[in-house]
Amino acid sequence: MPDSETTVTVGAAAPEGLDRRALDSGQLAFQGQMPATSLVEPRDLALAAAAAAGIYDPAKDSAEEALKKCVIVEGLTEVIEKMAIHDEGTHGAAALAEYQDGFFDADGNRVGTVIGSARVLSMAPHMWQYHQSRTEFEGGTFETHGVIDGTAILHGFTQIFQLTGKTGRFAGKAGFMTLTIDDPTQRPPRYQTSFAMA
């Protein structure tokens, strides 16, 4: 399995358990001019989680007090480790991708594992996907779901998933997670992610 420091050479065979199409997906980012990013600051993500939980009203509550009630994890790198794509070679809508990704912190330490699936809803003019997954950290687990614009991701725009805490420090909490392509030249590409729950 690739780790946070592994780079797969262009033209090389895909590692076992990783569909070859996953290797080159980052290259699609170069088909058009890269726009400005749409990164969401972790603080703002946390305030959104607090607002959704009903513990923060921007019109009357202290943002700093609301942030103290949130779990914020930022600066993670998400790396695709395994992916199987089930589409009978059609490359179209209804394709199902099943994947395992690793989360790594800024020091390259593996801190979490996500097991999930993505169902392609449509291919044109944008590739819309429905994702659902379960993520396990040492301190707890949460589930993720959402409809995202895969084309927008490949052009550098951030997408946001909804989270539901299940166990440990995430139990009883809900929030949001960002997903932004980080290095599309990697095969498979790397993603930046942060999440916040309240």
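**Figure 1. Confidence along the chain of this predicted model.** Over residues 1-6, pLDDT stays under 50. For that stretch the model has 13 contacts beyond four places in sequence. The protein chain as a whole has a mean pLDDT of 88. Of its residues, 88% reach 70 or more.

**Figure 2. A barrel of 8 strands.** The strands close in the order 1-2-3-4-5-6-7-8, and their pairing is antiparallel. On average, neighbouring strands of this sheet are turned by 30 degrees against each other, direction ignored. Strands of a sheet pair through backbone hydrogen bonds, either parallel or antiparallel.

**Figure 3. Strands 2 and 3 and the hairpin between them.** Strand 2 covers residues 96-104 and strand 3 covers residues 110-122. The two pair in the antiparallel sense over 9 bridges. Gly102 stands opposite Thr113 in strand 3. Phe104 has Arg110 of strand 3 as its bridge partner. The hairpin has 5 residues between its strands. In the turn, Gly108 has a positive phi of about 85 degrees.

**Figure 4. Strand 3 meets strand 4.** This antiparallel pairing runs over 10 bridges. A hairpin makes the connection, passing through 5 residues. Gly112 has Phe137 in strand 4 as its bridge partner.

**Figure 5. A cluster of phenylalanine rings.** The structure holds 7 aromatic pairs. In one of them, Phe137 and Phe170 have ring centres 6.2 Å apart. Their planes stand at 70 degrees, over the 60 degrees required, so the pair is edge-to-face. This pair links distant parts of the chain, 33 residues apart. Phe137 sits in strand 4 (residues 128-137). Phe170 sits in the loop between strand 6 (159-168) and strand 7 (174-183). Phe137 has 9% relative accessibility and counts as buried. Phe170, at 0%, is buried as well.

Phe170 also pairs with Phe142. Here the ring centres are 5.3 Å apart and the planes are at 80 degrees, so this pair too is edge-to-face. Phe142 lies in strand 5 (residues 140-149), 28 residues from Phe170 along the chain. Both Phe142 and Phe170 are buried. Ring pairs link Phe103, Phe137, Phe142, Phe170 and Phe195 into the cluster.

**Figure 6. The buried side of helix 2.** Helix 2 spans residues 42-52. Its residues Pro42, Leu45, Ala46, Leu47, Ala49 and Ala50 are buried. What covers them? The cover includes helix 3 (63-67) and strand 1 (71-86). It also includes strand 6, strand 7 and strand 8 (190-197). Just after helix 2, Gly54 takes a positive phi of about 80 degrees.

**Figure 7. Contacts of Ser25.** Ser25 is found in the loop between helix 1 (20-23) and helix 2. Leaving aside residues up to four places away in sequence, Ser25 touches Leu154 and Pro189. Ser25 and Leu154 are 129 residues apart along the chain. Their C-alpha atoms are separated by 8.1 Å.

**Figure 8. A salt bridge between helix 2 and helix 3.** The count for the model comes to 5 salt bridges. In one of them, the side chains of Glu64 and Arg43 meet at 3.1 Å, N to O. Glu64 belongs to helix 3 and Arg43 to helix 2, 21 residues apart. Glu64 is partly exposed at 45% relative accessibility. Arg43 is partly exposed, with a relative accessible area of 38%.

**Figure 9. A salt bridge from strand 1 to strand 3.** The side chains of Glu81 and Arg110 meet at 2.4 Å, N to O. Glu81 lies in strand 1 and Arg110 in strand 3, so the pair ties together parts that are 29 residues apart in sequence. Is each partner buried or partly exposed? Glu81 is buried, at 2% relative accessible area. Arg110 is partly exposed, at 38%.

**Figure 10. A salt-bridge network of Arg134, Glu143 and Lys166.** Side chains of opposite charge can pair when their charged atoms come close. Lys166 forms a salt bridge with Glu143, with the closest N and O atoms 3.9 Å apart. Lys166 is in strand 6 and Glu143 in strand 5, 23 residues apart. Lys166 is partly exposed, at 39% relative accessible area. Glu143 counts as partly exposed, at 33% relative accessibility. Arg134 is linked with Glu143 and Lys166 in the network.

Notes
Residues are numbered from 1 along each chain as its sequence is written. Side-chain values use heavy atoms; hydrogens and water are left out. Two strands pair if DSSP finds at least two bridges between them. Helices (H or I, at least four residues) and strands (E, at least two) are DSSP runs, numbered from the N terminus. Axes are lines fitted to C-alpha atoms, for helices over the stretch in contact, and angles run from 0 to 180 degrees between N-to-C directions. Rings of Phe, Tyr and Trp (its six-membered ring) pair if their centres lie within 6.5 Å; planes under 30 degrees apart count as stacked, over 60 as edge-to-face and the rest as tilted. Buried means under 20% relative accessible area, exposed over 50%, partly exposed in between (1.4 Å probe, protein chains only). Contact means heavy atoms within 4.5 Å. pLDDT is the predictor's confidence in each residue, from 0 to 100. A salt bridge is a side-chain nitrogen of Lys or Arg within 4 Å of a carboxyl oxygen of Asp or Glu.
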